[in-house]
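User: I am new to this structure and would like one careful, connected reading of a single part of it. Please begin with the overall layout, so that I can place that part.

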Amino acid sequence: TYAWIGTADLDSRELTSRVESAGGSDPQSCSLIGDGRSVDQSPVGETFETGDVCRCQNVLTDPAFEPWRAAAEDCGFRSVVSVPIVHDGTQFWVLGVHSDRTDAFDQEEREIIEQLSEIIGYVFYAIERKEMLGSALELEFRSEAVAEPFPEVDPETVALSLDAVVPLDGARAEFVEYWRVNDD
């Protein structure tokens, strides 16, 4: 019945919605984040803080969900799951999905939603890398040491360009860089 992607500023403790869809309802009235709400006040705050998958199978009876019951009743959802959007150890945002069924999000449904969040995480990672590489390609490097292996070539005619940066490990501490010299 409702889905969103959001983020949290853990310094200010504020939650922010990036995109949401409410299947015909007003997304603002269904939101568990935004409107200056804090991580501590949200039933999905644990996902933002710990990166754990969280779910509430019946929002009408769960005491922790009391402040959001009116929104749940207005929008017609009875259960919610929040899943971190992660790639390679980096949490980007959180994906939240709400259902009109109680006891929704069994193991199989959670696995599907977790796979979706992994795909979204990979897309965010790819976009971030593309933006980083795009700005790196615009940088100009000058080094006489780079031209030393080419003593017979005028240093002004040696053109270097960075083609790709690939992380070697999950910690992103080591990279392989692919450079192009004079388009070779």
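In what order do the elements of the protein chain run from the N terminus on? After that, please take a close look at strand S4 and what surrounds it.

Analyst: This is a predicted model, in which local features need a pLDDT of at least 70 and side-chain atom pairs count only at pLDDT 80 or more, while totals for chains, interfaces and linings use all residues. Residues are numbered from 1 along each chain as its sequence is written, and side-chain values use heavy atoms, with hydrogens and water left out.

From the N terminus on, the elements run β-β-α-α-β-α-β-β-α-α-β-β, which comes to 5 helices and 7 strands. Here helices (H or I, at least four residues) and strands (E, at least two) are DSSP runs, numbered from the N terminus. Of the 184 residues in the protein chain, 31% count as buried, where buried means under 20% relative accessible area, exposed means over 50%, and partly exposed lies in between (1.4 Å probe, protein chains only). Among the contacts with a separation of 6 or more, 49% are between residues 24 or more positions apart, a contact being heavy atoms within 4.5 Å.

Confidence is given by pLDDT, the predictor's confidence in each residue on a scale from 0 to 100. The protein chain has a mean pLDDT of 75, and 71% of its residues reach 70 or more. Among the elements, S4 has the highest mean, 90, and helix H5 (residues 144-147) has the lowest, 54. Over residues 136-141 the pLDDT is below 50, and this stretch has 3 contacts in the model beyond near neighbours in sequence.

Strand S4 covers residues 79-87, and 8 of its 9 residues are buried. Its surroundings begin with an open sheet of 5 strands, in the order S2-S1-S5-S4-S3 and with antiparallel pairing. The edge strands, each pairing on one side only, are S2 (14-21) and S3. From one strand to the next the twist averages 25°, with axes taken as lines fitted to C-alpha atoms (for helices over the stretch in contact) and angles running from 0 to 180 degrees between N-to-C directions. Two strands count as paired if DSSP finds at least two bridges between them. In general, strands of a sheet pair through backbone hydrogen bonds, either parallel or antiparallel.

On one side, S4 runs antiparallel to strand S3 (residues 54-56), to which 3 bridges join it. Within this pairing, Cys54 stands opposite Ser82 in S4. Cys54 counts as buried because its relative accessibility is 12%, and Cys56, at 6%, is buried as well. A search of the whole structure nevertheless finds 0 disulfides, a disulfide being a pair of cysteine sulfur atoms within 2.5 Å.

Ser82 deserves a closer look of its own. Its relative accessible area is 1%, so Ser82 is buried. Its side chain is joined to that of Thr47 by a polar contact of 2.6 Å; a polar contact is a pair of N or O atoms within 3.5 Å, where within protein one must be able to donate a hydrogen and the other to accept it, and residues adjacent in sequence count only if both atoms are side-chain atoms. Leaving aside neighbours within four places in sequence, the residues in contact with Ser82 are Val44, Thr47, Asp52, Val53, Cys54, Val94, Leu95 and Gly96.

With strand S5 (residues 90-99), S4 pairs in the antiparallel sense over 9 bridges, and His87 stands opposite Thr90 in S5. These two strands form a hairpin with 2 residues between them. Asp88 lies in that loop between S4 and S5, and its phi near 55° is a positive value in a residue other than glycine. With a relative accessible area of 32%, Asp88 is partly exposed.

The picture can be carried one step further, through S5. Strand S1 (residues 2-9) pairs with S5 in the antiparallel sense over 5 bridges, and Tyr2 stands opposite His98 in S5. Phe105 has its place in the loop between S5 and helix H4 (107-137). Phe105 also has a positive phi, near 65°, in a residue other than glycine, and Phe105 counts as buried because its relative accessible area is 5%.
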